[in-house]
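The following report describes a single protein chain for a reader working with its coordinates. Please keep the sequence and the structure in view while reading.

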Amino acid sequence: MQVAAVPTDHRYRKRRPLETGNGAIIAMTSDNLVKVCELSDIPLNDMRCVSLSDRNVLVANTEAGVFVADEMCTHEDARLCDGNLSGTKVKCPLHGSRFELTTGQVLDDPADTNLVTYPVTIVDKSIYISLNLTESDKQKT
Ligand code: FES
């Protein structure tokens, strides 16, 4: 799959983002599962931004489970992994909107658009997400 790299905005960088091997998707199964990182890479009740080949995602390891969503706030250009995680809610570092990671639902202004979230599968202590690839995308991989 050839997709342009997503530029990383380092203005709010606090946590070291994880790299998954030159930013490339390092594993994709026939079920369209994409390996994001190892479970051990994300301490409990913490989160990281992870760069994949075609998108950057936020990975949160919570008491309620592991959740993956797009890393950028839906309001403006702020990386949510530089915000605060409280339970399954992430707070944007720039203007304070909160998002529920279990659903992606935006909880506070000024953001008014829900966050894209991804179904998560844990296999052998590795975190995978499901991507809804089009038939065209599948042929490119
Ligand atoms: S950039 Fe996140 S709330 Fe404004």
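Pro 110 lies in the loop between strand 8 and strand 9, where strands (E, at least two residues) and helices (H or I, at least four residues) are DSSP runs numbered from the N terminus. The peptide bond that leads from Asp 109 to Pro 110 is cis, with omega near 5°. Most peptide bonds are trans, and most residues other than glycine have a negative phi.

This is a predicted model, in which local features need pLDDT of at least 70 and side-chain atom pairs count only at pLDDT 80 or more, while totals for chains, interfaces and linings use all residues. Residues are numbered from 1 along each chain as its sequence is written. The pLDDT, which is the predictor's confidence in each residue on a scale from 0 to 100, has a mean of 81 over the chain, and 71% of the residues reach 70 or more. Over two stretches pLDDT stays under 50: for residues 19-27 the model has 18 contacts beyond four places in sequence, and for residues 136-141 it has six such contacts. Two residues are in contact if their C-beta atoms, placed from the backbone, lie within 7 Å.

The loop that holds Pro 110 also holds Leu 115, between strand 8 (98-100) and strand 9 (117-118). Leu 115 counts as buried because it has 23 C-beta neighbours inside 10 Å; the class is buried if 20 or more other C-beta atoms lie within 10 Å of the residue's own, exposed if 12 or fewer, and partly exposed in between. Leaving aside neighbours within four places in sequence, Leu 115 is in contact with Ala 69, Asp 70, Thr 74, Phe 99, Gly 104 and Val 106. The C-alpha atoms of Leu 115 and His 75 are separated by 9.9 Å, although these residues are 40 apart along the chain.

A second loop, between strand 10 (120-123) and strand 11, contains Asp 124 and Lys 125, and the two are set side by side below.

| Residue | Phi | C-beta neighbours within 10 Å |
|---|---|---|
| Asp 124 | near 50° | 7, exposed |
| Lys 125 | about 65° | 8, exposed |

Both phi values are positive in residues that are not glycine. Strand 10 and strand 11 form a hairpin with two residues between the strands, and they pair in the antiparallel sense over four bridges, pairing being assigned if DSSP finds at least two bridges between two strands. Within strand 11, Ser 126 is the bridge partner of Val 123 and also stands opposite Glu 38. Strand 2 and strand 11 run antiparallel and are joined by five bridges.

Strand 2 (33-38) and strand 11 (126-130) are also among the elements giving two or more residues to the largest nonpolar core, a nonpolar core being a set of buried Ala, Val, Leu, Ile, Met, Phe, Trp, Tyr and Cys residues joined through C-beta atoms within 7 Å. This core has 32 residues, and those with the most contacts inside it include Val 36, Val 59 and Val 68. Not counting residues up to four places away in sequence, Val 59 touches residues including Val 36, Val 68 and Ile 127.

Over the whole chain there are one helix and 11 strands, and 30% of the 141 residues count as buried.
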